[in-house]
Amino acid sequence: MMTIRVPSGAPSLDEVKQRYGLESGEIDESFGVVEIDPETHSYTILVEASAASKVQPGGDWEAEGPFSNPTIEPMWPPK
Amino acid sequence: MAKHSVLIEVSPAADSRYGAVAGASANAAEIAANISGIAVDPSFGVIDIPATRPSVSAVFNAGDIDEAFDQPTRYVMRGDIEIEDTERIEAENPGVRIYSDPEIEVCPICPGSGPLGNAGTVASLLGRTALQGAGMTGRNVLLAIVDTGLNINYLRSKGVVAPFDGTRSWVPRPGLTPGALPVGHGTMCAYDATIAAPRATLLDVALLLSNRPGGTVMEGLLSDAVLAYRHLVNVMRAPRRPGELRSMVVNNSWGMFHKSWDYPVGHHGNYSHNPNHPFNVIVRTLAVNGADIFFAAGNCGRDCPDGRCQGITNAGITGANSSPYVTTVAGVDVTKTRVGYSTSGPGTLYPRKPDIAAYTHFAGSGVYAADGGTSAACPVAAGVVAAFRSRFHYNPANPVTSPAAVRSLVSRLAEDRGSVGFDFDYGFGIINGRRMAAVSSLAVEEPFQVSSLPRAEIEAYDNEMAANARAYAARPEPAESERAVGVGA
């Protein structure tokens, strides 16, 4: 997962792909561009680990990550 | 050298020196005077163990039938010795035997234990009657079960009457029908949440039915949780009719079991300790939008942890389960004793965790032998707050109705257990529906003027959390060697 901050508001998926030069197979299009904090105009995208380095800050767009995407499980029954 | 508590057994018949020890009149101090190296505890006294008639088999198996009957009265005292002196004392004092006197505790409930009590017991302990008497049933409150999916038909067969809202539910992929998913963990959680909130409106958020690569039938990835929470934020922010109040309680009985699934602490991409992780950020966003979010503390307790904890029981409560914006719930059985698998604090995102405890490991939904784990404790607590919210809806215009304010209230009204005040096993104590119902009766005339909810404290809390996030971002990255750990896809 990568977090980007875009002061001008929610970018479209195509804008994100174009901005970072991401191919369709490098970004999870079904995940999309998910707003996680409207106060800071922060959005999360899901990219292949090999493409994470393409997502760099530039201009007024900030970028942070990659963040871990661990498996989560229900806590019961015990294993 | 350290002294150890022991039991001292004296058989007078074996040594004429102890002939003076006679039943209840035996004097522990006199015995101590005769045995060097033992400090007898006079408060324990002398317990006589009467001679017993041997069993028939003992008689016939004994080499000497007279010996089999030769079991004199023995006397037991308590004292302290240095363990290294044990052999010397026994050698120098024929008829004296030293036995260990270990500390004992009540055996805690563990994962394999049978259920204790049932849903009716829990309802009584929660004060459901009092809640209902105060109009707290969960009516018009959304109760989102973020889990493996719900099976409404099964819940109906178990007497659950709570309405279900499929249109505001969420599934991770096409082809899944909310409310008609396999009976499992999520259905158990929904059942337990409706114990205190029988009229809450259930939402099925089937996060843990991921189809992403690497997933199994009953697990997901944290990125799915980001999507699920985005959906819940949208529900909370959807247009309202004038005057409409909207409350949502969100139950999360899931988590990340082991740090090997994560980037190391200090790494910018870490989840467990990092307030800036996208999921931890969106949890805050949902809370800021008025949702009361509950997370299970975890099942990595020191006495009998889940195997998935890989033996790590001192890592505390991690990730969003320890968020300052959620209520973290530990587990107690119906005797109000912490269950042995309930993870203890502190939390990694906010240290004073868990916040509260709630009941678990009882016969409830019938999905499992016991509705157990902090998995069950969490919705039990969430249900109480859903019930409360039906009288005290979230109002964006009134800070004292915020999730932080309600969490503060719930903590203050909890029944203290463990150490006085907050502790890392029970938090502030066991959630108490009766006290919450009483708050309602006191506040009927001015329903949003609960005076015990301090705005300044809430604002200071928010500022502290923002400072924590900045501090984490400023931490130095861990050494390269520490980064070579497994990380989810």
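**Entry 1. Charges on chain A**

I counted charged side chains in chain A first and found 5 positive and 14 negative, with the centres of the two sets 4 Å apart. I note here that the model is predicted.

**Entry 2. Outline of chain A**

I then looked up the secondary structure of chain A, which comes to one helix and five strands. Read from the N terminus, the order of elements is β-α-β-β-β-β. The C-alpha trace of chain A spans about 50 × 30 × 20 Å along its principal axes. Of the 79 residues in chain A, 51% are buried. I took the accessible surface of chain A as about 3,500 Å², with 47% of it on carbon and sulfur atoms. For contacts in chain A between residues at least 6 apart in sequence, I find that 60% join residues at least 24 apart.

**Entry 3. The interface with chain B**

How many residues of chain A are in contact with chain B? I get 29 residues of chain A, set against 58 residues of chain B. The two chains bury about 3,500 Å² between them, and carbon and sulfur atoms hold 61% of that area. Ile72(A), Met75(A) and Trp76(A) supply 26% of the area that chain A buries against chain B, more than any other three residues.

**Entry 4. Salt bridges across the interface**

I listed the salt bridges over all chains and got 22. Four of them cross the interface of chain A and chain B.

Glu35(A) came up twice. It meets Arg230(B) in a salt bridge at 2.9 Å, N to O. It also forms one with Arg237(B), where the closest N and O atoms are 3.8 Å apart. Arg237(B) lies in helix α9 (residues 222-237) of chain B and Glu35(A) in strand β2 (residues 34-37) of chain A, so this pair joins two chains. The cut-off is 4 Å, so the pair at 3.8 Å still counts as a salt bridge. I checked the cover on Arg237(B) and found it partly exposed, at 42% relative accessibility.

Next I looked at Glu39(A), which forms a salt bridge with Arg284(B), the closest N and O atoms being 3.4 Å apart. This pair also crosses between chains, from the loop between β2 and β3 (42-45) of chain A, where Glu39(A) sits, to helix α10 of chain B, which holds Arg284(B). Glu39(A) is exposed, with a relative accessible area of 52%. Arg284(B) is partly exposed, at 22%. I note in general that side chains of opposite charge can pair when their charged atoms come close.

**Entry 5. A network at Glu73(A)**

Is Glu73(A) buried or exposed? It is buried, with a relative accessible area of 6%. Its salt-bridge partner Lys79(A), reached at 2.9 Å, N to O, is exposed at 61%. I followed the links outward and found Glu73(A), Lys79(A), Asp306(B) and Arg308(B) in a network of salt bridges.

**Entry 6. Helix α10 of chain B**

I went back to the helix that holds Arg284(B). Helix α10 (residues 278-288) is mostly covered, with nine of its eleven residues buried. Among the buried ones are Pro278(B), Phe279(B), Val281(B), Ile282(B) and Leu286(B). Arg284(B) misses the buried class because its 22% relative accessible area is above the 20% limit. After α10(B) comes Gly290(B), whose phi is positive, near 105°.

**Entry 7. Thr327(B)**

I picked Thr327(B) in strand β12 (residues 327-332) of chain B. It is buried, with a relative accessible area of 7%. Which residues is Thr327(B) in contact with, leaving aside its neighbours within four places in sequence? I find Ile293(B), Phe294(B), Phe295(B), Asp355(B), Ile356(B) and Arg407(B).

**Entry 8. Backbone checks**

I searched for cis peptide bonds. One joins Gly65(A) and Pro66(A), with omega about 5°. Pro66(A) lies in the loop between β4 (62-64) and β5 (71-74) of chain A. The bond from Lys353(B) to Pro354(B) is cis as well, with omega near 0°. Pro354(B) is in the loop between β12 and β13 (356-359) of chain B.

I also looked for positive phi in residues other than glycine. Lys336(B) has phi near 70° and lies in the loop between β12 and β13 of chain B. Asn140(B) has a phi of about 65°. It sits in the loop between α6 (128-133) and β6 (141-146) of chain B, and at 58% relative accessibility it counts as exposed.

Conventions:
Residues are numbered from 1 along each chain as its sequence is written. Chains are lettered from A and ligands numbered from 1 in the order in which they are written. This is a predicted model: local features need pLDDT of at least 70, side-chain atom pairs count only at pLDDT 80 or more; totals for chains, interfaces and linings use all residues. Side-chain values use heavy atoms; hydrogens and water are left out. Helices (H or I, at least four residues) and strands (E, at least two) are DSSP runs, numbered from the N terminus. Buried means under 20% relative accessible area, exposed over 50%, partly exposed in between (1.4 Å probe, protein chains only). Contact means heavy atoms within 4.5 Å. Accessible areas come from the Shrake-Rupley method with a 1.4 Å probe; for residues, only the protein chains shown count as cover. Lys and Arg count as positive and Asp and Glu as negative; His and the chain ends are not counted. The place of a charge is taken as NZ of Lys, CZ of Arg, CG of Asp or CD of Glu. Buried area is the accessible area (1.4 Å probe) that two parts lose on being put together, summed over both. A salt bridge is a side-chain nitrogen of Lys or Arg within 4 Å of a carboxyl oxygen of Asp or Glu.
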